[in-house]
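Here is a short set of exercises to work through with a structure viewer open. Try each task yourself before you read the solution beneath it.

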Amino acid sequence: MSAVVAAMMLAAPAVQAQTATPEAEAAAAAVTKTVVAPEGTELAIQVEDGLSSETAKTGDRFTISLAEAVTLPDGTVLPAGLKGAGEVTHAKKKGMMGKPGELNIRLEYLRAGPAKIKLRGQKGAEGDARYGTTVTLTVLFGPLGLIKHGKDVEIKAGQRVPAYIDADASIQLPIAATPTT
């Protein structure tokens, strides 16, 4: 009798493992479900770091985030707050003789868990020129009028910039929390 009990005890874990397998497979399938964010999907991107032509340099990186949740064609929602990065592509400080500052940025990607969603988006701006003021000051005060500077351009933290997904991106669901760095 003890041999029969021992055989039943050895068989019981195998039966339990077989009954738990479909549930485990379903849970694993839910974790590894992959959706595609199609190229050309429009996104509202928010600049997280304030930028200025006075302090920015070409090549500087800055943080961006998804400003509004986006519903993909299959019904999947990309939640607002996904973080990513952008880069300053051109920066020029304001200059003498009323020359304005210049600042151009490119939006590079958002992170959705381990996936990188490549973006197509940019913003360029120029500060206010002060050419008229410079001419007036030069007429009134001579060469001292040439010292007048233009204005730097600023992209304030929280400013929104439209962008588009640059290439189809495979995203695993559910989306894991994005690291803050």
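The exercises below deal with a predicted model, and they go from the overall fold to single residues.

**Exercise 1. Overall layout**

Task: Find how many helices and strands the protein has, and in which order the elements run.

Solution. Start with the count: the secondary structure comes to two helices and 12 strands. Next, follow the chain from the N terminus, where the elements run α-β-β-β-β-β-β-β-β-β-α-β-β-β. Then turn to burial: of the 181 residues in the protein, 30% are buried. For the contacts, take those with a separation of 6 or more; residues 24 or more positions apart account for 67% of them. Finish with the surface, where the protein exposes about 10,800 Å² and carbon and sulfur atoms supply 58% of that area.

**Exercise 2. Strand E7 and its partners**

Task: Work out how strand E7 is joined to E4 and to E8.

Solution. Locate E7 at residues 83-92 and E4 at residues 61-66; these strands run antiparallel and are joined by five bridges. In this pairing, arginine 61 stands opposite glutamate 87. Now go to E8, residues 102-112, which also runs antiparallel to E7 and is joined to it by eight bridges. Here lysine 92 stands opposite glutamate 102.

For a residue within E7, pick glycine 84. Its relative accessibility is 14%, so glycine 84 counts as buried. Setting aside residues up to four places away in sequence, glycine 84 touches Phe62, Thr63, Ile64, Tyr109, Leu110 and Arg111. As a last step, compare sequence and space: glycine 84 and glutamate 48 are 36 residues apart in sequence, with 9.7 Å between their C-alpha atoms.

**Exercise 3. Glutamate 108**

Task: Decide whether glutamate 108 is buried or exposed, and find the side chain with which its own side chain makes a polar contact.

Solution. First place the residue: glutamate 108 is found in strand E8. Its relative accessibility is 18%, and the cut-off for buried is under 20%, so glutamate 108 counts as buried. Next, look at its side chain, which makes a polar contact of 2.4 Å with the side chain of arginine 61. Arginine 61 has already appeared opposite glutamate 87 in E7. Glutamate 87 is also in contact with glutamate 108, as are Arg61, Ala85, Gly86, Ile117, Lys118 and Leu119, once neighbours within four places in sequence are left aside.

**Exercise 4. Serine 53**

Task: Find where serine 53 sits and which side chain is joined to that of serine 53 by a polar contact.

Solution. Look in the loop between strand E3 (51-52) and E4, where serine 53 is found. With a relative accessibility of 1%, serine 53 counts as buried. A polar contact of 2.9 Å joins its side chain to that of aspartate 152. Beyond residues up to four places away in sequence, serine 53 touches several others, including Lys92 and Glu102. Those two residues stand opposite each other in the pairing of E7 with E8.

**Exercise 5. Three prolines**

Task: Describe the places of proline 38, proline 79 and proline 174.

Solution. Begin with proline 38, in the loop between strand E1 (33-37) and strand E2 (42-47). Its relative accessible area is 21%, so proline 38 is partly exposed. Sequence neighbours within four places aside, proline 38 is in contact with Leu72, Pro73, Ile165 and Asp168.

Move on to proline 79, in the loop between strand E6 (77-78) and E7. At 34% relative accessibility, proline 79 counts as partly exposed. With the same exclusion of neighbours within four places, its contacts are Leu66, Ala69 and Ile175.

End with proline 174, in the segment after strand E12 (169-173). A cis peptide bond joins leucine 173 to proline 174, with omega about -10°. As background, most peptide bonds are trans.

**Exercise 6. Aromatic rings**

Task: Find how many aromatic pairs the whole structure holds, and which residue lies over the face of tyrosine 109.

Solution. The search of the whole structure gives zero aromatic pairs. Then check for a charge over a ring: lysine 116 lies over the face of tyrosine 109, at 4.4 Å from the ring centre.

Definitions and conventions
Residues numbered from 1 in each chain as written. Predicted model: local features only at pLDDT ≥ 70, side-chain atom pairs only at ≥ 80, totals over all residues. Heavy atoms only, no water. Pairing = 2+ DSSP bridges. Helix = DSSP H or I, 4+ residues; strand = E, 2+ residues; numbered from the N terminus. Buried < 20%, exposed > 50% of the residue type's maximum accessible area, 1.4 Å probe, protein only. Polar contact = N/O pair within 3.5 Å; in protein donor to acceptor, adjacent residues only side chain to side chain. Contact = heavy atoms within 4.5 Å. Phe/Tyr/Trp six-rings, centres within 6.5 Å; stacked < 30°, edge-to-face > 60°. Lys NZ or Arg CZ within 6 Å of the ring centre and 35° of its normal. Areas by Shrake-Rupley, 256 points an atom, 1.4 Å probe, with all protein chains shown as cover.
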